[in-house]
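Me: I've got a fold open on my screen and I'd like to learn how to read it. Can you walk me through it?

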Amino acid sequence: MRLLQYNNDSDFSLTEFDESDTPEYAILSRTWGQDNSKEVTYAEVISGTGQDKEGVKKIRFCGEQARQDGLPYFWVDTCCINKQNKAELRHSINSMFRWYRNASRCYVYLSDVSTRKRKASDQSSEHTWDLSFRESRWFTRGWTLQELLAPASVEFFSFEGNRLGDKSSLQKQICKATNISPSALQAKSLSQFHIDERMQWIEHRETGQEEDKAYSLLGIFGVSMVPTYGEGVAKAFDRLWDRFREIEKCMQDLRPTDPRLDKERIEATKGGLLQEAYRWRTNQHNRLLWIKGDHGKGKTMLLCGIADELQNSLAKSALLSYFFCQATDSRINRATAVLRGLIYLLVDQQPSLVSHVQASYDKAGKVFFEDANAWLALTKVFSSILHDPNLVATYLIVDALDECVVDLPNLLCFIAETSSVSTRVKWVVSSRNWPEIEKTLETAMQKVIGMVGWGLIQQHLSLNAHGTFLWVALVCQKLSNLSGWKAIQKLKALPPGLDALYQRMLDQIKASEDSELCMNVLAVVSTVYRPITIDELVTLVKMPNGVDGEYEALAEIIAKEFLIGKAPQEPLLLRAQDVHNTIFSRSLQVMSITLRRDIYSLRAPGISIDQVEPPKPDPLAAVRYSCLYWVDHLLGSRITKDTIKDLKDSGSVYSFLRQCFLYWLEALSLLKSVSEGVIMIKKLEDLQLRFEPPE
């Protein structure tokens, strides 16, 4: 990218920069005169000629204004693009939107708007610059549409060089002149606006060459294509729509979920944001921030807040992408889903990045994102995006790494490696305080310690929360409608921590007519090794008829430690070893009943697992947990001589393996968990050897 530099002798010169290392610059927008020969060209700047042309005034205006704003470099299309070089011209047309978006300031020079005071006798005295502004030719030209929408800062100047205002202060007049909505003028991404609405913006604009009416929309539709002058406007638009539809299809297949909707759902279900808790600022030396803590400590809400804070404070050209993992949702619990979600938001904000995805996608289609090689392919795509010289400042947020149940080690290594790729890229991640996560991230991480203080209420919350975010959220909801002194009184009356609340809930459960069922449910959900679905719960607890099998996951019980601690004193609460034994026994029963040969009716031995789509309803839905964890629950129960008998001839484990071993292996294969099955068999073998009498 070439930039002009204004010298002290009122002269200017060109400097060429690699696009990955371009300094801050201003950019000029204006209409060309009827006679293009009056504009200063690239060749004339190189040769030092053309100083007597009318176009020099606009260049000097831009240079002077940039210098006043502390910007040593500026860009003017006629001077900075060598239009005699066809390859460079093609590249420039496809890069124009990005160049305007990345500019620190855009100066719009309106040669047909004057602020010169008129004489009182002038018949046109009521024709003020405000009216001239709305009628300016600049609002009727095709290329100026992207020059209005792309930059964050657009300032308007009169023929005399007087500042008229900017895109915000003149919003009302601009909207009236262009029929563009205020939200579009300030939008960071234009993809949120319907195709028809975007087409209306160009409808009444004109271009010097007919094909430019389509080419001037490339950035607005996030499309890159080779301009072919002479093809005609109809052919140009046909190619534009074909390319746009190809990209839309690619984006649809790339999208495992919309992380923006996931974020809204999480905020709605977790008690809202406490803004003072997430004031986070960037640091030039820290490229990876790891927020760690136990379940229920508020990590997810903290990251939601960080995302909001960045969204509101970053430059319009900066990119923000985030992903929220959830172990119980198969759409968002895989490392490939994390990368797909992050790439989806990056491309949505900077459409030119789709080229890194499109080449491979055009060859393979949707399977590119889903087959056995998807992780390797996506890491290559993501790495190429992070190395893209046109990538602007980028912030990547991943919540709940510990809930990424498929390929977590690969994801951790990838984050650690890419956190040092560029100073333009920063990662913020959260997880529980697991040693295996810390071991991978420790070389690149920067830990967060401490929270902000806010008077007596904050001090009381800190002292009494016992480290539990849920208690803080519940207390803040209680205090939200109270005045200061009443809030402090109410605060002091609330019991510290959640034990008192849990105890009250437990007392209510014990007093209910369904106490035994509720206690059994609590016992199971507080003992399982991962959150379980309603379908899975029904197999592990004897439930009444009519319980619905919706795929809503039961959240992990924050009161788990409380329940375990209470078990010895509460006769209705089962001890952990007894619960393990119950889960083990019921798992064997339900697997023996459910598992069968070719359970998905594939009728195709040797088919690739990546080609398998679970049928609806999924016959494995209710036994997924049992298939993966029945051995762990056997080991968690009291190991007695009777337990060892289960492993021997005629025992329950022996009978299950004898009748259903191959069916179980098939189920593990469909669950992509054969390796876990091997480990489970080894655990059984070790258990038997441990209690086998010596020969």
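Me: Let's start small. Which residue in strand 6 is the bridge partner of Cys 106?

Reply: Keep in mind that this is a predicted model. Cys 106 has Val 154 as its bridge partner in strand 6. That bridge belongs to a wider pairing: strand 5 (residues 105–109) and strand 6 (residues 154–157) run in the parallel sense, with four bridges between them.

Me: What is the strand order in the whole sheet?

Reply: Read across the sheet, neighbour by neighbour. Here seven strands form an open sheet in the order 2-1-4-3-5-6-7, and the pairing is mixed. Strand 2 (12–16) and strand 7 (163–166) each have a single partner strand, so they are the edges, and one side of each has no neighbour in the sheet. From one strand to the next, the twist averages 30°.

Me: Which strands does helix 2 lie across?

Reply: For a helix on a sheet, look at which strands it covers and at what angle. Helix 2 (residues 55–68) lies across strand 1 (2–6), strand 2, strand 3 (25–30), strand 4 (73–75), strand 5 and strand 6. Its angle to strand 5 is about 145°.

Me: Now a side chain. Is Ser 92 buried or exposed?

Reply: Check the relative accessible area; under 20% counts as buried. Ser 92 has 2%, so it is buried. This serine sits in helix 4 (residues 86–102).

Me: What lies 2.8 Å from a polar atom of the Ser 92 side chain?

Reply: The backbone oxygen of Glu 88. Leaving aside residues up to four places away in sequence, Ser 92 also touches Ile 81 and Trp 99.

Technical notes
Residues numbered from 1 in each chain as written. Predicted model: local features only at pLDDT ≥ 70, side-chain atom pairs only at ≥ 80, totals over all residues. Heavy atoms only, no water. Pairing = 2+ DSSP bridges. Helix = DSSP H or I, 4+ residues; strand = E, 2+ residues; numbered from the N terminus. Axes fitted to C-alpha atoms, helices over the stretch in contact; angles between N-to-C directions. Contact = heavy atoms within 4.5 Å. Buried < 20%, exposed > 50% of the residue type's maximum accessible area, 1.4 Å probe, protein only. Polar contact = N/O pair within 3.5 Å; in protein donor to acceptor, adjacent residues only side chain to side chain.
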